[in-house]
Amino acid sequence: MEKDVSIGLLGLGVVGSGVIKIVEDHQEELQHQLGRGVKVEKVLVRDIEKARQIEIDHRLLTTNCEDVLANPDIDVVVEVMGGVENARKYILEALQAKKHVVTANKDLIALHGPELEETARQNGCDLFYEASVGGGIPLLRGLSDGLVSDRIQQVMGIVNGTTNYILTKMAKEGQSYEDALQKAQELGFAEADPTADVEGLDAARKMVILARLSFFTNVELEDVEVEGISKLSLTDIEYGKKLDLTMKLIGFANRHNNQIEVSVQPTFLSKSHPLASVNDEYNAVYVNGEAVGETMFYGPGAGSLPTATAVMSDVVEAIKNMLLGVNGKKFVKPRFEKELTPSDKRFSQFYLRLHVKDEIGAFASISDLFNRLDISFERILQTPSEKGFAEIIVVTHKTSLENFQNAMKKLDELQVIDTVESYFRVEGDA
Ligand SMILES: NC(=O)C1=CN([C@@H]2O[C@H](COP(=O)(O)OP(=O)(O)OC[C@H]3O[C@@H](n4cnc5c(N)ncnc54)[C@H](OP(=O)(O)O)[C@@H]3O)[C@@H](O)[C@H]2O)C=CC1
Ligand SMILES: N[C@@H](CC=O)C(=O)O
């Protein structure tokens with residue numbers, strides 16, 4: 001009987017508890033795959049006395065990181081504590097001590113991925129982070145193994161479970177933004193500070209990771225245009241329904257002739273778009289490759305056991321590599337200089353809601369202005385005038401972002417417009 005492989009955990013929250021549960025409940029599967037068991041040797045926490053979601057032998061818990069990082073029995077360190085600075089320090093220490101590292105920490109990988117990968121390479125160690133994007137969906141492995149021979153042109157998807165949960169509850173059950181967010185926190189989907197979820201930063205970090213893996217370019221967080229959902233109004237969601245459009249927070253990573261665009265923005269999808277029916281905490285990511293065509297990855301994007309499944313898939317890969325003696329070989333090697341797509345080469349449809357003073361005169365002025373800029377309307381909604389004010393909602397045909405932004409500047413000069421209430425990107429059928 002071979003000796004069990006020992007792993008050490010940094011963190012025992014939502015994801016860490018899931019890892020413990022899978023190690024306990026799926027020992028037969030692990031034995032079958034590896035020819036030996038996996039055992040948890042030590043777990044770093046902040047507070048040993050805290051009530052836990054799982055039962056655990058308290059002798060495994062420690063508040064001293066060296067009990068994991070300098071423990072000679074531990075071969076694989078699993079970082080599921082979150083945050084950036086401590087996590088970075090501990091992972092560097094683990095790699096320098098020749099331990100393989102698995103992390104679910106997208107904040108850290110988006111900010112310091114290249115540095116950590118280089119340290120892992122120099123030390124002949126694996127550094128895997130499947131759980132950092134798409135929760136339980138085997139997405140990174142899909143890109144880096146399954147589609148490895150292809151040239152990826154577009155990655156577009158729902159990569160944040162919390163915001164998708166909130167938008168689903170608002171649209172389908174009329175729940176308020178605040179109630180839906182609170183429930184997402186209770187269910188363990190949201191980050192410790194949910195601002196990162198609702199302001200789109202969590203999705204932006206994931207898009208950085210996806211863009212690096214897909215385009216072999218050193219995309220940084222500051223290259224991503226980010227807008228979250230915290231200022232969305234139910235009014236737009238309701239108008240969207242009338243126009244057969246569904247609101248989702250979408251991450252885009254597009255490549256045109258080696259220029260790339262990476263963004264995260266609330267987007268109206270036509271009802272027939274496959275991403276429009278992805279609900280609750282589920283994530284789905286479209287990947288369009290030159291040879292493979294369109295593929296879609298779908299599954300639970302957050303939560304204890306789904307995320308822990310992705311973590312454990314990395315643990316198993318690191319152990320298999322150990323048994324074969326081939327750790328430290330799998331990294332993202334940048335190939336292309338980064339060049340961002342200018343706004344005159346970025347095309348989409350747009351939804352625009354305006355509060356106007358004089359319904360009839362306003363519509364004539366708006367359509368005249370848009371016509372002059374060569375922007376035509378696909379759909380128009382007008383609400384009846386109330387106390388001299390009305391709302392006009394239009395969905396444009398495809399136009400460049402530059403052209404649309406010009407139109408927005410010029411709209412401000414029209415006397416008949418009271419306020420530009422909102423505008424969003426619109427994506428039609430996939
Ligand atoms: N929740 C989810 O669905 C998903 C989470 N992730 C990522 O996984 C990671 C973990 O998330 P999650 O499990 O939700 O986080 P939690 O907040 O639930 O758990 C964090 C754990 O780490 C411990 N911890 C935090 N900081 C320290 C520190 N400085 N020293 C020692 N222990 C520390 C905490 O200890 P104590 O319990 O004592 O307070 C806690 O056990 C994050 O990077 C997150 O972004 C990725 C995908 C999905
Ligand atoms: N807060 C994140 C958790 C997983 O990455 C999300 O909601 O997607």
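## Alanine 407 and its helix

Let us start with alanine 407, which sits in helix H14, a run covering residues 401-411. As this is a predicted model, everything below describes computed coordinates. Alanine 407 has 21 other C-beta atoms within 10 Å, and because 20 or more count as buried, alanine 407 is classed as buried.

Beyond its neighbours within four places in sequence, alanine 407 is in contact with Leu369, Phe370, Leu373 and Ile375. Glutamate 337, on the other hand, is 70 residues away along the chain, and its C-alpha atom is separated from that of alanine 407 by 32 Å.

## How the chain is divided

The chain falls into domain 1 (5-135 + 304-324), domain 2 (147-300) and domain 3 (343-427). Between the C-alpha centres of domain 1 and domain 3 there is a separation of 51 Å.

## The six-stranded sheet

Six strands make up an open sheet, with parallel pairing and the order S3-S2-S1-S4-S5-S6. At its edges are strand S3 (61-62) and strand S6 (127-128), each of which pairs on one side only.

Strand S1 and strand S4 (residues 74-79) run parallel and are joined by five bridges. Within this pair, leucine 9 stands opposite valine 78 in S4.

## From strand S1 to helix H1

Here a database record joins the picture: an unreviewed UniProt entry lists Leu10, Gly11, Leu12, Gly13, Val14, Val15, Gly16 and Ser17 under "binding site". Two of the listed residues, leucine 10 and valine 15, are worth a closer look.

Leucine 10 belongs to strand S1, which covers residues 5-10. With 26 other C-beta atoms within 10 Å, leucine 10 is buried. Setting aside neighbours within four places in sequence, its contacts are Leu44, Val68, Val77, Val78, Glu79, Val80, Met81 and Tyr90.

Valine 15 is found in helix H1, residues 14-25. Valine 15 is buried too, having 28 other C-beta atoms within 10 Å. Apart from neighbours within four places in sequence, valine 15 is in contact with Val80, Ala104, Ser304, Thr307, Ala308 and Val311. Val80 thus appears in the contact lists of both leucine 10 and valine 15.

## Around ligand 2

Which residues surround ligand 2? The shell consists of Gly135, Asn160, Gly161, Thr162, Phe189, Ala190, Glu191, Asp197, Asp202, Gly301 and Ala302. Sorted by class, the shell has three nonpolar, five polar and three charged residues.

Key: Residues numbered from 1 in each chain as written. Chains lettered and ligands numbered in written order. Predicted model: local features only at pLDDT ≥ 70, side-chain atom pairs only at ≥ 80, totals over all residues. UniProt positions renumbered as here; feature names shortened; annotations may be inferred. Helix = DSSP H or I, 4+ residues; strand = E, 2+ residues; numbered from the N terminus. Buried ≥ 20, exposed ≤ 12 C-beta atoms within 10 Å, placed from the backbone. Contact = placed C-beta atoms within 7 Å. Near = placed C-beta within 6 Å. Nonpolar A, V, L, I, M, F, W, Y, C, P; charged D, E, K, R; others polar. Domains from an automatic or database assignment. Pairing = 2+ DSSP bridges.
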